[in-house]
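Hi everyone, thanks for coming. Please pull up the sequence and the structure, and I'll walk you through a few places I'd like you to look at.

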Amino acid sequence: MKSIYLKRTALAVLVLVIGLFFQSTGKEGELWRGAAAAEQAGSPSWLLKWRDSEQTVPLPQTTIVHQQPETGIAVVRPSGTGVDAALWLKRLQALEQVEYVHPNNRVTLLAASSVPNDPELPKQHYLDQIGAKAAWTVVHDQTDLTIALVDTGVDLQHPDLKDNLVAGTNLVAPGKPPKDDNGHGTGVAGVLAAVGNNGKGVSGILWKAKIMPIKALDADGYGDEEKLGDAILYAIKNKARIVVLSVGLYRYSPYLEDVARYAENKGVLLVAATGNDGEKLGDLVEVKYPAAYPTVLAVSGATPDNKPEPRANSGPEVDLAAPWNVYTTAMGGGYKKEQGTSLAAPQAAAAAALVWSIHPEYKPYQIREVLRQSAKDIGPPGIDHATGYGLLQVGKAVTLNMKADGYEPNETRSAAKKIPIGTMISAQLTGGADRDWFAVDVPFDGKLVLELGTAGKEGNVKLAHFAGARQQSVKQMKIGNQTAEWNVKKGRNYILLQLSDGYSKDELPYLLTVKFKHLPDAYESNDKMEEAYELEPRSQTLTANFHQTGDRDWFKIEFKQSGTLQVRVTPDSVRIDPALAIGRAGEALIQTDENKEGEPEISREIAVTPGIYYIRVHDAISSKASPTIAQYELKLEYQKKLIDPNEPNDKPHESTVIRLGSTYSGVISTRGDEDWFQVRLAKQSAAKIAITEIPEGVRMKAELYDKRQSLQEALTSKGRTLAGERKLEAGLYYIKVTASVPFDKQYYKLRVQAEPLIAGFRDIAGTWAERPIAELSRRGIVSQSLDWRFYPARSITRAEVVAMLVRARNSPASGKSISFKDVPDKHWARDVIAKAVNAGWASGYVDGSFRPEKAITREEMSVMLARAFQLKVEKLNSAPFTDIPLTRWSAAELAAMKRLKWISGYSGNLFKPEVIATRAEFAALLQKALD
């Protein structure tokens, strides 16, 4: 146990263990006061004195750590795991051969300080919230085990981190160091283990540690399941004992759960953040994976005033909360404020590491129990979805004598302790008379799955399920990874555990994991089109679920009357990403999957005619989505009649005023029916008229007229669509829509869009190069394309540059002919290339090519322009830019252009010569030269 921090200049101190003698009276109250004192002291060992050192007896469930023959003292502690320390102590004190059993209390060097000298410590308010400073009076270092940090990497040279780092790996760019290129991992590392008491910056909860950075996320903070799993496996293989995972996803992954279970079996504790979408998702929120797996310590967030943080993800899988706001290390050697459950998780991981320094024999499940038992309840009484067992308390955790069964007393159903679904707990049966009652709140009718695992000892138990006071089922089981499944109803259910042998005196620790499975919904089996559940042809709402891997729910409706149908599917959890498809029997289904997890999907309104239609709903969160403890609502809106909402609009003066970008539905109900619309353009624009969803066998026509009723354009449909685009001046326009035959069984959809043109271009408005591009257009140096786009952000080619230069410099004579192997006679730029080459503005390559379609660099573009404008170059005494030395081929021309302020470069006096130039950059540079 590391209990004293010594500076190098400190004097050697002899620590004397002084036993405070306690004379047992044999009274029950005195015995229990002794146990309470031991627990309060947080002693990992006790001092036992024999009345007569020659008259000793075997001590049950006891390990003798050390003996002092001179005093007749033995240093003892409970043996094995899961032993109730108070009960063990009571039994020892009751032995008549024992004079006393006293806690082996800590002795502290009076001159030593547990407060580090890090100058930014006053900004780390969260350390007081979680009792870190109190913990430091007991322990603040953990170098006996390695903590893996799976994130974006770490700033490997940060002065407040580098001394606590050990070798890691980069899974994003194998072979490279796990250097942080995002900042997230560096912040997490600082909370965990910024070097303490080094006179620099901040202090981590661990002053000294061995942190293994594993880069599994890229510069944007993204990765994938495989890399996350590989990262955890790498940590296990390289002897890490704790893995910090400030990452997550909403999709359940059987692969990642297998990895999490493997870590638990290998004695490795996984600690993960629950997520930061609480406010955004509201009732849809769930704990992200991997935090939601039963063997992972899930850490949510708390506000500075010890309340649940509303932005943190909540759910039944939450174990603890830790402060949301921190002050920590930043990339580049600095420090900054950060927030989120990503910063809460490393606090719990550090606490786990400190507990392990005191109790190295503990298993991961025992570490979780210590942190749960020592947490401070800050939400509704008892465990809750926002903060789990409460706020992390490191100071209490490192001094806690863990109870073998932290859920006692729970001897009766009325005293049953709540266990959330998706979690694992450890508890203990103490003899055949012990009864352990638990309450489980079930969200839906379904199957309750109970997994019983061993905590070091096998045994037989009786497991019973109760609905209220009525026993529903009972099962005899052997502890050791066995499972019981019971059908349950929504609401509170009770579980009773007891030893099979009611007369046994044995103590049996166990692990209990609670899971839930959906039963098939009321519409199953409907996994295939031919098994589709038939619905009535009416508007309706139904609720269903995805109860099996890759579940597909099919429905069918037989319509007797034409109309319109729109379908909406809404999940009640972010763990579902719904997708739907609708189609007439014998035709292709129309797919709808446009939104993210937890968001509804709404089909477009479709026209239905008499016949059978199919609807398919599935979870698109993956191709073979796993079952989810959630449901979805399927809403169908069916309208029997199709009424043209724009009528009367049969004449120009009745025309419907339409808004640009909006969609208008209509029908041609009778022969000779005309639908008139009007639209006003405020500026010269590229206007597009489109009609979609034209019925089969119908030919539609759209005629465009100006305000004087002069025909400007006539468009005819091709297949089931009609579309046309042309440039129009500002003003009022009319559109007449007609059809070859009337139809009223489905709507056609009319949409008019217009993009304002600047100098004849639709894509330069508001861009930084708008003015120079417009001026070049006015001068005829650049011309409009067929789609009225300039493409300012696109790279510019060598041929395009010389073409613009030739136009700008009034076309010098061609002179000698040119012979480039990639510029044939019919090449569009052959003439301008010849002029530019003969004028000395440009040249080819040594292989006899000109490479006209090659994107040009900033350097080459600038030199061509300088030569075209015959800039005077001078002998240089200094480099024009940091990255353009005097000896570089372009230095003289670039210096001349810089002198004229045609170019200025980037921050740090960089020119970046090899960067590819854009069309906007060259246009701006050319216009500056012309000005």
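**A short tour of strands and helices**

Let's begin with strands β14 and β16, the latter covering residues 436-442: they pair in the parallel sense, over two bridges. If you want a spot to click on, Lys 418 has Ala 439 in β16 as its bridge partner. One thing to say early is that this is a predicted model.

Now zoom out a little. β14 and β16 belong to an open sheet of five strands, ordered β14-β16-β21-β18-β19, and the pairing in that sheet is mixed. Which strands stand at the edges? They are β14 (417-418) and β19 (470-478); each has a single partner strand, so one side of each has no neighbour in the sheet.

Further along the chain there is another open sheet to visit. Its five strands come in the order β23-β25-β31-β27-β28, with mixed pairing. Here β23 (533-535) and β28 (590-592) take the edge positions, and because each has a single partner strand, one side of each is left without a neighbour in the sheet. From one strand to the next, the twist averages 25°. Inside this sheet, look at β25 (residues 552-559) and β31 (residues 611-619): they run antiparallel and are joined by eight bridges. A handy landmark there is Asp 553, which stands opposite Val 617 in β31.

Next, please find strand β40, residues 731-739. Is it mostly enclosed or mostly open? Seven of its nine residues are buried, so β40 is largely enclosed by the rest of the structure. We can also name strands that pair with it. Strand β35 (residues 675-681) runs antiparallel to β40, with seven bridges joining them, and Gln 678 has Tyr 734 in β40 as its bridge partner. Strand β37 (residues 700-706) is likewise antiparallel to β40 and is joined to it by seven bridges. For that pairing, look for Asp 706, which stands opposite Tyr 733 in β40.

Let's move on to helices, starting with α5, residues 184-193. Nine of its 10 residues are buried, so this helix is largely enclosed by the rest of the structure. The buried ones are Gly 185, Thr 186, Gly 187, Val 188, Ala 189, Gly 190, Val 191, Leu 192 and Ala 193. What covers them? The cover includes helices α3 (126-129) and α9 (341-358), along with strands β5 (141-151), β7 (208-215), β8 (240-245) and β12 (325-330).

Let me stay with α9 for a moment. The axes of α5 and α9 cross at roughly 35° and come within 8 Å, and the crossing is right-handed. On the α5 side the contact is made by His 184, Gly 187, Val 188, Val 191 and Leu 192, and on the α9 side by Ser 342, Leu 343, Pro 346, Gln 347, Ala 349 and Ala 350. By class, that contact has seven nonpolar residues, four polar and no charged ones.

My last stop is another helix pair, α12 (residues 770-778) and α17 (residues 919-930). They pack at an angle of about 65°, with axes 8 Å apart, and are therefore roughly perpendicular to each other. The crossing of α12 past α17 is left-handed. Arg 771, Pro 772, Ile 773, Glu 775 and Leu 776 in α12 meet Ala 923, Ala 924, Leu 926, Gln 927 and Leu 930 in α17. Sorted by class, this contact has seven nonpolar, one polar and two charged residues.

That's my tour, thank you!

Key
Residues numbered from 1 in each chain as written. Predicted model: local features only at pLDDT ≥ 70, side-chain atom pairs only at ≥ 80, totals over all residues. Heavy atoms only, no water. Axes fitted to C-alpha atoms, helices over the stretch in contact; angles between N-to-C directions. Helix = DSSP H or I, 4+ residues; strand = E, 2+ residues; numbered from the N terminus. Parallel < 35°, antiparallel > 145°, perpendicular 65-115°, else oblique. Left-handed = near helix turned anticlockwise from the far one by under 90°. Contact = heavy atoms within 4.5 Å. Nonpolar A, V, L, I, M, F, W, Y, C, P; charged D, E, K, R; others polar. Buried < 20%, exposed > 50% of the residue type's maximum accessible area, 1.4 Å probe, protein only. Pairing = 2+ DSSP bridges.
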